[in-house]
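Biologist: Before we talk through this model, could you show me the chain, so that we can read its features one at a time?

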Amino acid sequence: MDLRIFTEPQAGASYDQIVTMAKEAERLGFDAFFRSDHYIAFEGEGLPGSTDAWITLAGLARETSTIRLGTLVTPVTFRWPGPLAISVAQVDAMSSGRVELGLGTGWHDVEHAAYGIPFPSTKDRFNMFEEQCAIVSGLWSTPVGERFSFAGSHYQLTDSPALPKPVQRDARTGGVPLVIGGWGAKRTPAIAARYGAEFNLPFGPADIYGAMCDPVRAACEAIDRDPATMVWSHANTVVCGSDEAEIERRAATIGHKVEDLRAHQLCGTPSELIDQIGRFAAAGAQRTYLQVLDFDDLDHLRLIAEQVLPALR
């Protein structure tokens, strides 16, 4: 089981705090450091204000050397697919091939209104999502010296030089691996099967994880793709403590109740976390994103790295 750190900087974190946590996650041996792609806090003031996901990752690409980096997830509403493909390819080069692009439809209408970003209907956003997957993979996989064109309902590209190229050459995109996930039962499985290197199911319990992944497996088989070529992952909030007092303190700091976290997320002592994550592994998960919400508590990461990570590796 891979363990990855997943953060929500829009809740309130400066770039300095982000890079400090990313470097510590790398030093401790976590597989990756991912961040959300949001422009506004869901509650509270979110001071000092949100940082841009891909500008942040460009900085982290130069400040780290081994840990993988990415987003969970970049909304298709935020960026045009051509410039997005350029930005991600550049960050991949800056990191020597350590970047992954989580891509999704977007959902938080409030942040769109706050920064003047159009927020189309769910149907249109899914259409945009599918077209963006096709465009970024088309741009990355087009051979150097050839041109790429695309005629869709939302985007049209004419004779693009399709440059620059990422360092990585993923089998599905020809470039950076795509992480695709969510709870959609119809279009999401088909898009994930066609373009995704990884399928991620966020914030669900282990007892339904396997069943929720079944439509994606079926979609893979429908296009003659071996489901074993997909990485299966989940993301859950984590609160770990060496004793109940520490668990209570960490839960209170992020505004959650211990009983709720224990019932629905990953919460408890290191041995409890090993058991909880093990249930996801038994259901088919190969990768866990640990949503860490307190940027000032690096001892939290150290406890997990010392007492949970070795058992799961």
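**Reading the model feature by feature**

Modeller: Pro48 sits in the loop that runs between strand S2 (32–35) and H2. The model is a predicted one, and we can begin with the backbone at this proline.

Biologist: What is omega for the peptide bond from Leu47 to Pro48, and is the bond cis or trans?

Modeller: The bond from Leu47 to Pro48 is cis, with omega near 10 degrees. A cis peptide bond also joins Leu163 and Pro164, where omega is about 0 degrees, and Pro164 is likewise placed in a loop, the one between strand S7 (156–160) and strand S8 (178–181).

Biologist: Staying with the backbone, what is phi at Phe203, and where does Phe203 lie?

Modeller: Phe203 has a phi near 60 degrees, which is a positive value in a residue other than glycine, and Phe203 lies in the loop between S9 and H7. Its relative accessibility is 36%, and therefore Phe203 counts as partly exposed, given that this class covers the range between 20% and 50%. Asp224 also has a positive phi, near 60 degrees, and is a residue other than glycine; Asp224 is placed in the loop between H7 and S10, and it is exposed, with a relative accessible area of 74%.

Biologist: How should I judge the length of a helix, and what span should the 14 residues of helix H3 have?

Modeller: The general idea is to set the end-to-end distance against the expected span. At 1.5 Å a residue, helix H3 (residues 81–94) should span 20 Å, and because its end C-alpha atoms are 20 Å apart, the two values agree. Helix H7 (residues 209–222) also has 14 residues, and it reaches 21 Å from its first C-alpha to its last, close to the 20 Å expected.

Biologist: At which residue does H7 bend, and by how much?

Modeller: H7 bends at Pro215, by about 30 degrees. After the helix comes Asp224, the residue with the positive phi that we met above, and just after H3 there is Ser96, which takes a positive phi of about 60 degrees.

Biologist: Which residues of H7 are buried, and what covers them?

Modeller: In H7 the buried residues are Tyr209, Gly210, Cys213, Val216, Ala219 and Cys220. Their cover includes helix H6 (187–195), strand S9 (198–202), strand S10 (231–240) and helix H10 (270–282). For H3, the buried residues are Pro81, Gly82, Leu84, Ala85, Val88, Ala89, Val91 and Asp92, and these pack against helix H2 (53–63), strand S4 (74–75), strand S5 (99–104) and helix H5 (122–141).

Biologist: How do I go from buried residues to a core, and which members of the largest nonpolar core touch the most other members?

Modeller: In soluble globular proteins, nonpolar side chains tend to be buried together. Here the largest nonpolar core holds 77 residues, among which Leu3, Ile5, Phe30, Phe33, Trp54, Leu101 and Leu290 touch the most other members. H5 gives the most to this core, with nine residues. If residues up to four places away in sequence are set aside, Trp54 has contacts that include Leu84, Val88 and Val91, together with Asp37, Arg79, Glu100 and Leu101.

Biologist: Turning from packing to empty space, how much lies in the largest pocket, and which residues lie nearest its centre?

Modeller: The largest pocket contains about 1,300 Å³ of space. Its lining is made of 44 residues, and those nearest its centre are Glu8, Gln10, Phe42, Phe203 and Gln291. At least two lining residues come from each of S5, H5, S9, S10 and helix H9 (258–264), while the largest share, three residues, is supplied by H9.

Biologist: How much space is there in the largest cavity, and which residues line it?

Modeller: About 60 Å³ of space lies in the largest cavity, and the residues that line this cavity are Val238, Val239, Arg250, Ile254, Val292, Leu293, Asp294, Asp297 and His300.

Biologist: Finally, how far apart are Asp207 and Glu100 in sequence and in space?

Modeller: Asp207 and Glu100 are 107 residues apart in sequence and 28 Å apart in space, taken from C-alpha to C-alpha. Asp207 is placed in the loop between S9 and H7, and at 68% relative accessibility it counts as exposed.

How values were computed:
Residues numbered from 1 in each chain as written. Predicted model: local features only at pLDDT ≥ 70, side-chain atom pairs only at ≥ 80, totals over all residues. Heavy atoms only, no water. Helix = DSSP H or I, 4+ residues; strand = E, 2+ residues; numbered from the N terminus. Expected span 1.5 Å × (residues − 1). Bend = angle between axes of the 7 residues up to and from the residue. Buried < 20%, exposed > 50% of the residue type's maximum accessible area, 1.4 Å probe, protein only. Contact = heavy atoms within 4.5 Å. Core = buried A, V, L, I, M, F, W, Y, C linked by side-chain atoms within 4.5 Å. 1 Å grid on protein atoms, 1.4 Å probe; cavity = no way out; pocket = protein on both sides within 12 Å on 5 of 7 lines; lining within 4 Å. Points joined across faces, edges and corners; volume = space filled by probe spheres on them.
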